[in-house]
Amino acid sequence: MLPLLLLAVGLAGWQTYRKAVSEFNDLLDDGLKQVALTLRDAGAGTVTPPSFRNSRIQSNGSDDSDDVEILAQIWLVDGGLVWSSAQDAEVPLARKAGKSKFEANGQRWRIYRLDADDGRIIQVAQDQREREKAIWKSLKRSAMPLLSLIPAVILLCLGVTWWGLRPLRRLAYALYARGPDSLQAFPVDRVPAEVQPLVAAMNVLMLRLQEALSFQRQLTANAAHELRTPLAALRLQLDVVELTADAADRHAAIAELRQGVARATRLVQQLLDMARSDAGMASSFGRLGLADVIRDVVQQLQPQAQARGIVLQSDLESVQVSGDADSLSMLLSNLIDNALRYAPAASTVQIVLKTENDRPVLRVIDEGPGIHPQERERVFERFYRTPGTPGLGSGIGLSIVRDIAVRHRADITIGAGPTGGACIALEFPK
């Protein structure tokens, strides 16, 4: 504020100075004109005015005076200079009547010429440098009171700013005093109106931090709970392997152990996918071919499908969507993997991509037990599994699918397939 204030004062002062100098010059020029008129009237009918003969018109001699010494001359049209108030001053006759400037012998003059009706030419002049000194002296006396106010204005601005920022300082002290778990909202009614938007925004941030910390605590607790079961099973299976002497039983125990390791690995991968989804990894959006992403995911999951004799049947149109390829690949992996886990052996999982009402629609259809209509909303909750559902799922896959779908502004619905299984549809924006 202070640099801007000083700049404004400087510009205003410069404009005022120029205007004041112009007005002073006009005033002094009027003075020259009045002296010329006085000389003309005083010497009417004679060559030189008796009252001004052999005299020099001067200021009052005071150092504080703004008067400037005046040089007066009388010329004849055809006779040259006949009288001058200062014999030692050499000022030639101006070429035209009225105001003009002239420089002679290194000295600058301000001149007023008056042509009388009796053939005389009356010329009055002032030293330009003396005039400028007088103008500057007068302006300095006028500006001193205003200049003395600048420090007072600066101090006033500093004081008002310091006083006005007290609410922000109190808010800063309150923030410094808070601990890492103190995320309560700040009272908005105790701060000035100018600071209320800042406090409101901070309260929104506090709410988001509370939600994030709550989610992290819930994620940690759920992950520990979910991992405890497969890890305990792995430990038991290891004990079985160590205690089993029969080769066939040992082979079966190792197979169970391998399945337990695969389940724990999948659970950890889903937890990582969920953390990536919550962190907003889908930030590099662009136009991409959804069919190409589906083909890559189907190719990756073919070994899993072949192990259970399940046929992955694709019916894909070439459509373009706006999204992030990695996030969509994560969505499709969890969606198709979920279908493979609940579909019976030697069945078919269909992946259909069509354009309906100018919108790309993706459907994954299995021949499993399906999802009861009352459970179709709850299956998107994290770590929720439908009671009585077979398999060893963790209840994370569909929640990841929903989060990524929301970020891509896609509508997700669950229905029934032609054979009674589940049909999960995603409708992408145009």
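This is a short tutorial dialogue on reading salt bridges, cysteines, a sheet and helix packing in a predicted model.

Q: Before we start, what kind of model is this, and how are residues numbered?
A: It is a predicted model, in which local features need pLDDT of at least 70 and side-chain atom pairs count only at pLDDT 80 or more, while totals for chains, interfaces and linings use all residues. Residues are numbered from 1 along each chain as its sequence is written, and side-chain values use heavy atoms, with hydrogens and water left out.

Q: How many salt bridges are there?
A: A salt bridge is a side-chain nitrogen of Lys or Arg within 4 Å of a carboxyl oxygen of Asp or Glu. By that rule, the count here is 14. A good one to look up is Asp29 with Arg131, at 3.0 Å from N to O. Asp29 belongs to helix α1 (residues 2-42) and Arg131 to helix α2 (residues 128-164), so the pair ties together parts that are 102 residues apart in sequence. Helices (H or I, at least four residues) and strands (E, at least two) are DSSP runs, numbered from the N terminus.

Q: Are Asp29 and Arg131 buried or exposed?
A: Buried means under 20% relative accessible area, exposed over 50%, and partly exposed in between (1.4 Å probe, protein chains only). Asp29 has a relative accessible area of 2%, so it is buried. Arg131 is buried too, at 0%.

Q: Which salt bridge could I set beside that one?
A: Try Asp41 and Arg40, whose closest N and O atoms are 3.2 Å apart. Asp41 is exposed at 51% relative accessibility, and Arg40 is partly exposed at 30%.

Q: Which strands does the salt bridge between Arg359 and Asp411 link?
A: The side chains of Arg359 and Asp411 meet at 3.6 Å, N to O. This pair links distant parts of the chain, 52 residues apart: Arg359 is in strand β10 (residues 359-365) and Asp411 in strand β11 (residues 411-416). Asp411 is partly exposed, with a relative accessible area of 41%. Elsewhere, salt bridges that share partners join Asp29, Lys99, Arg110 and Arg131 into one network.

Q: How many disulfides should I look for?
A: The test is a pair of cysteine sulfur atoms within 2.5 Å, and the count comes to zero disulfides. As for individual cysteines, Cys157 is partly exposed at 22% relative accessibility, whereas Cys423 is buried at 12%.

Q: What is the strand order in the open sheet of five strands?
A: Strands of a sheet pair through backbone hydrogen bonds, either parallel or antiparallel. Two strands count as paired if DSSP finds at least two bridges between them. The order here is β7-β9-β10-β12-β11, with mixed pairing. Strands β7 (311-316) and β11 stand at the edges with a single partner strand each, so one side of each is left without a neighbour in the sheet. From one strand to the next, the twist averages 15°. Strand β9 (residues 348-356) pairs with β10 in the antiparallel sense over seven bridges, and Lys354 stands opposite Val361 in β10.

Q: How do helices α7 and α8 cross?
A: Axes are lines fitted to C-alpha atoms, for helices over the stretch in contact, and angles run from 0 to 180 degrees between N-to-C directions. The axes of α7 (residues 325-342) and α8 (residues 397-407) come within 9 Å and cross at roughly 145°. Contact means heavy atoms within 4.5 Å; the residues making it include Met330 and Leu331 of α7 and Ile400 and Val401 of α8.
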